[in-house]
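Biologist: Mind walking me through this one? I'd like the overall layout before the details.

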Amino acid sequence: MATTLCSSISMQARVPATRTRFSLQKQVSIFNNGKTNNNLSFSLRRRSLPARLQVSCAAKQETVEKVSEIVKKQLSLTDDQKVTAGTKFTELGADSLDTVEIVMGLEEEFGITMAEERAKEIATVQQAAELIEELVQKKTA
């Protein structure tokens, strides 16, 4: 029996010189036996400008929701304030100390430890959820 490793893929690209950004999310199933039931293909062609491309497994919705709740709690946000996968911590008024406290709350809730270098890369709820799922999977492997 195959174990699903990734249920959707998130792709983000940025062309620094033009400040052009785009992102997409595609539902896929990637199994540990190397076979997939969906194909994902894309191309990014910029001949004159370098582009930065990031492709990663998108976190499960339940993880994103749990991270959103922790972020709201750590920042003392009201229930009517929306926190979604794409929400940046800075958009919520978080400074570097707030971000450290968010990371500590996430580590405690999910029973994981984030390396400082990786934790510094987290800017959005989605990025936090993706890193959490990666660390949880490594911990249980």
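Modeller: Along the sequence the pattern is β-β-β-α-α-α-α, with helices (H or I, at least four residues) and strands (E, at least two) taken as DSSP runs numbered from the N terminus. This is a predicted model, so local features need pLDDT of at least 70 and side-chain atom pairs 80 or more, while totals for chains, interfaces and linings use all residues. Residues are numbered from 1 along each chain as its sequence is written, and side-chain values use heavy atoms, leaving out hydrogens and water.

Biologist: Which helix supplies the largest share of the largest nonpolar core?

Modeller: A nonpolar core is a set of buried (under 20% relative accessible area, 1.4 Å probe, protein chains only) Ala, Val, Leu, Ile, Met, Phe, Trp, Tyr and Cys residues joined through side-chain atoms within 4.5 Å. This one has 25 residues, and those touching the most other members include Val 67 and Phe 89. Helix 1 (61–74), helix 2 (96–110) and helix 4 (125–140) each give at least two residues. The largest share, 6 residues, comes from helix 4.

Biologist: Which ring does the charged end of Lys 66 sit over?

Modeller: The test is NZ of Lys or CZ of Arg within 6 Å of the ring centre and within 35 degrees of the ring normal. Here the distance from the centre is 5.0 Å, and the ring belongs to Phe 110.

Biologist: Is Ser 76 buried or exposed?

Modeller: Ser 76 lies in the loop between helix 1 and helix 2, and its phi is positive, near 55°. Its relative accessible area is 63%, and over 50% counts as exposed. So Ser 76 is exposed.
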